[in-house]
Amino acid sequence: MRFYISLLVVCGLLTGLAACRKGASVVPGDDTHVGADSLRNGFYLLNEGNMGMNLATLDYYNSSTGIYSSNIYSAINPGATKELGDVGNDLQIYGGKLYAVIALSDKVEVMDVHTAKRIGQINVPSCRYITFYKGKAYVSSYATTAGGTSGVNGYVAEVDTATLQVIRTAGVGRQPEEMAISGDKMYVANSGGYSASNFERTVSVLDMNTFKEIKRIDVAVNLHHVKADKYGDVYVTSRGDYYDLHSKLFVIDTQRDIVKDSLAAAVSDIWISGDSAYIYGVEWSYVTNKNTISYGIVDIKNERMLTNKFITDGTDAQITTPSGIAVDPTTKEIYVTDAKDNLLPGTLYCFSPAGKKKWSVTTGDIPGHFAFVRN
Amino acid sequence: MPAKDTAATRMLQGVTIFSDRSNPVSPVQTLSGIALEKMNSLSVADAMRFFSGVQLKDYGGLGGLKTLNVRSMGTNHTGVFYDGIQLGNAQNGTVDLGRFSLDNIEQIDLYNAQKGVLLQPAKGFAAASAIYLQSRKPVFREGEKTHGKVAFKTGAFGLVNPSLRLEQRLSERLSAVVSSEWLHGNGRYKFRYTNGTYDTTAIRQNAAIDAARVEAGLYGQLKDSSSWQAKVYYYNSTRGLPGAIVSNKFLNGQHQWDRNLFIQSSYKKQFGKRYTMLLNAKFMYDYVRYLDTAIVTVDGPLMNRYQQKEYYFSSANQYKITSFWDVALSADFQVNEMTAVNLDHFAIPTRYSTLAAAATQLHLGPVELQGNLLATVVNETTKAYTAGRDFHKLTPTILVSWQPFREEDLKIRAFYKNSFRMPTFNDMYYSTVGNPALRPESAKQYNIGTGYTRSSGGFLQFFSLQADAYYTHVKDKIVASPGRNFQWMMQNIGAVDIYGIDASVQLSPVLLPAVKTDFSVKYTYQKALDKSNPAEVNYKDQIAYIPVHSGSFIAHASWHKWDVNYSFIYVGERYFLNTNIPLYYMEPWYTSDVSVTTSLLFGRKLVKLTGELNNVFNQYYDVVINYPMPGRYYRLTASINF
């Protein structure tokens, strides 16, 4: 009899506990009202999320309502297995579609630009950045040209934006990062990041008529971002080697395909707006074991630093680790994100063109990439 | 029946699994003998899940890393001792408890603070908590020279696990034991992820493992009544690392090979009635090869090789001044070396650790008082780049217990312990992650508790209640923040306040004649709050992977030749990062395991057969985010004692 009582107690305990599991559900995002705006631009923000955590998330700021919505992808696309994916690395809009490069999920997620509804995906292993030219998408990849482990060079994949299929690939240097188009040439930054003792130093130049690498321009170690300006120049950033070689900004003359100038500024990301390139740098040093943080604006017409301060009200003291930058194409408001220690939700700051803080809002993890929508 | 079969005959009768053990000065949980045998567990890690105050970090499957986090302080704060000598890993500071099969383990003890004895190596006083694994010692009946055990396990995950144990009496004063096993499995199991709309079931891939363990020990008694033992341990494994399950990517291509060898020896001698000496020595060699085919460097796929050597010597001395007053002095010296191949900017460090502990113990009637002061000096050199700073620290511990009633084994106990953990070689030197400027991470523990044990011949054959409440402050917590663009950071930025309660009840009531029953209920309450930065959104949020409520329940019944065991474990809701928002939320999980064992005599050999069904209700869950655990699975074991 006592035994049965014990059994009953056990069963009761089990049933009680079973009630604690709420069952699987979609994680809802948050809406925050951060202040109305007279203008009609909004933007998407891609949060990278930490490696292995599958925490890449998409936020949207509607500037006509002033509402900032976090983690919108999961709620809009509940049928997408394991959500957006692992480590978002680039976000672009082209031809009515929103492209999110999810590096460790080996895919570019393609969504409708107005609804963020999933259209499909482009399969490119170890994808890094995306750019567009004459109706086609181009995705850089760390994966080797031949696939598997043969060869060391990465590639750029040409993608049909209608079928989302890779048409062909062009081999470039090791671990290519961002690309920029100037004229009918593509400039690809090679990092060589997998071999720290032997970083790449070159920019690959691709002829877009043949989609073949036609030359390499020697620049500096561990290249990362590439942006083309309207004066026929291409800006390339070097991350340095985290020891004696510092992060720097280089200017390539695309007529002659030579490095014509360099600026001693640490650049982690760069956003060109008009004649100004807004930059920030988070430079890690294994000599001091510290991050050095810097901000600045480069005059791209005359290729010189205009200022090393665009946040003018002291808010920069609150930003631990800047992780993204953007300037509203219409209002010229400046957006800066803070990834903090990378393990906390980040913060997005909005500054007036004069560098005064207007508002800030909590984002996903490691906010980093902006894409502006015009209604 | 002939007299020499009485031991075997006794094993065929129903037995109670809890041992009568008086309450020691520090909180302890023990699994030994029959209780350990009845657990549905393959490894030490599986068995220790059922303790209170612990969280097992389990990456899943046969080969997945399994480490224990005691009282939310982090794995590195727990020392793991094998036959009295610490198992070290200067590279990552953790011991994979999944690699220690229960096959050769006689007893597992988990002490909060430390083992409450004086005669122990200085390292025994160092960690915030300590796990003691006691390997099976050879035991012989009168006139017996050789005996052993052959066992075979098989089941889900393609498990094939034969083992052999041989015990040999070499002389009156010397005996030897050899224990070996081979574990093989494809590691494949079904897992499922769903958010209510998508619902995906897949098979875990690249999780195969092949591991061999050989252990040999000598146990000797000398004429002067001193005793010694020596042991060689060798472990060799190759395993796939299945990685995190993320969107669009369910397969990863990492692989790891491990070789671990250690030789250790201890010698204990009593001089006269007052002085006892304990000497310990150890050499350890560890080799890890890691392959990542997804990362192609200029030299081909990324292949790292790590080699570690550890040399250790310890002398512990205890002196009885009066019948109620003991003093002890222990000194340990340890050298850790590490080299790495194909790891850029690796410093090649050597660490010299010197530990000296002075301890005292007073028995004042019902009050027992222990106190010790530990001095640690760490010197570090590197062959290249920057070495960590030299470091020294004094850390005290005080333990006290009071037995209010002479007739009852009821004790009130309390302790204060100040301890720290050194940054590991990975923390400090791992190529693009390490930070040699790191300081040790320190913990201050305050604990008050009670223990009550009663054995009787009546309805309640055994009853034990243990309860402890504690507060721990961890500061300078070493936080790895994996970042973007190859930039990682290791920093002393964390602080955690932990408020906890560990409680357990064990009882063996006579519910039915001829049936022995045992029950164990354990409960853990943990508020582990992030106190790193008052300005941050997660200030005072529960830290990652720590449930507020967790617990376990074990029921065991034994009837003649049959044993039935039911184990239940519950882990409450958790967050996988240090901020308590819905995005980081993890649901509670709970599993039920059932096993049936029967024994029979085959000739004069004792044969045991066990069938297990684990995770009976087929619950899919992650212990570590995106590392799925198996659903329902079974295991069969057969063994013959000869």
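This talk describes the fold of chain A, its contact with chain B, the nonpolar cores and three paired strands of chain B.

Good morning, colleagues. Please keep in mind throughout that we are looking at a predicted model.

I shall begin with chain A. Its secondary structure consists of two helices and 29 strands. Along the principal axes, the C-alpha atoms of the chain fill a box of roughly 95 × 55 × 45 Å. How does the radius of gyration of chain A stand against that of a compact globule? For 375 residues such a globule would have a value near 21 Å, and chain A has 23 Å, so the two agree. As for burial, 48% of the 375 residues of chain A count as buried. If we take the contacts in chain A between residues at least 6 apart in sequence, 45% of them join residues at least 24 apart.

Let me turn to the place where the chains meet. Chain A brings 58 residues to the contact, and chain B brings 54 residues. Which element of chain A gives the most to this side? It is helix α1, residues 2-18, with six residues. By character, the residues on the side of chain A that touches chain B divide into 25 nonpolar, 22 polar and eleven charged.

Next, the nonpolar interior. The largest nonpolar core has 164 residues, and the members that touch the most others are Val139(A), Val203(A) and Met48(B). Strand β6 of chain A, residues 97-102, gives the most to this core, with five residues. A second core lies apart from it; this one has 14 residues, including Ala340(B), Leu343(B), Tyr429(B) and Ile478(B).

Val139(A) deserves a word of its own. Leaving aside neighbours within four places in sequence, the contacts of Val139(A) include Val101(A), Val108(A), Ile122(A), Val124(A) and Cys127(A). Also among them are Ile130(A), Val156(A), Ala157(A) and Val159(A).

Finally, I come to three strands of chain B. Strand β15, residues 254-271, runs antiparallel to strand β16, residues 275-297, and 18 bridges join them. In this pair, Gln254(B) stands opposite Asp292(B) of β16(B). What links the two strands? They form a hairpin with three residues between them, and in the turn Gly272(B) has a positive phi of about 65 degrees.

On to the next partner: β16(B) is joined by 20 bridges to strand β17 of chain B, residues 300-322, again in antiparallel fashion. Here Leu279(B) faces Ser315(B) of β17(B) as its opposite residue. These two strands also form a hairpin, with two residues between them.

Thank you for your attention.

Terms used:
Residues are numbered from 1 along each chain as its sequence is written. Chains are lettered from A and ligands numbered from 1 in the order in which they are written. This is a predicted model: local features need pLDDT of at least 70, side-chain atom pairs count only at pLDDT 80 or more; totals for chains, interfaces and linings use all residues. Two strands pair if DSSP finds at least two bridges between them. Helices (H or I, at least four residues) and strands (E, at least two) are DSSP runs, numbered from the N terminus. The radius of gyration is taken over C-alpha atoms; the globule rule is 2.2 Å times the number of residues to the power 0.38. A residue is buried if 20 or more other C-beta atoms lie within 10 Å of its own, exposed if 12 or fewer, and partly exposed in between; C-beta atoms are placed from the backbone. Two residues are in contact if their C-beta atoms, placed from the backbone, lie within 7 Å. Ala, Val, Leu, Ile, Met, Phe, Trp, Tyr, Cys and Pro count as nonpolar, Asp, Glu, Lys and Arg as charged, and the others, Gly among them, as polar. A nonpolar core is a set of buried Ala, Val, Leu, Ile, Met, Phe, Trp, Tyr and Cys residues joined through C-beta atoms within 7 Å.
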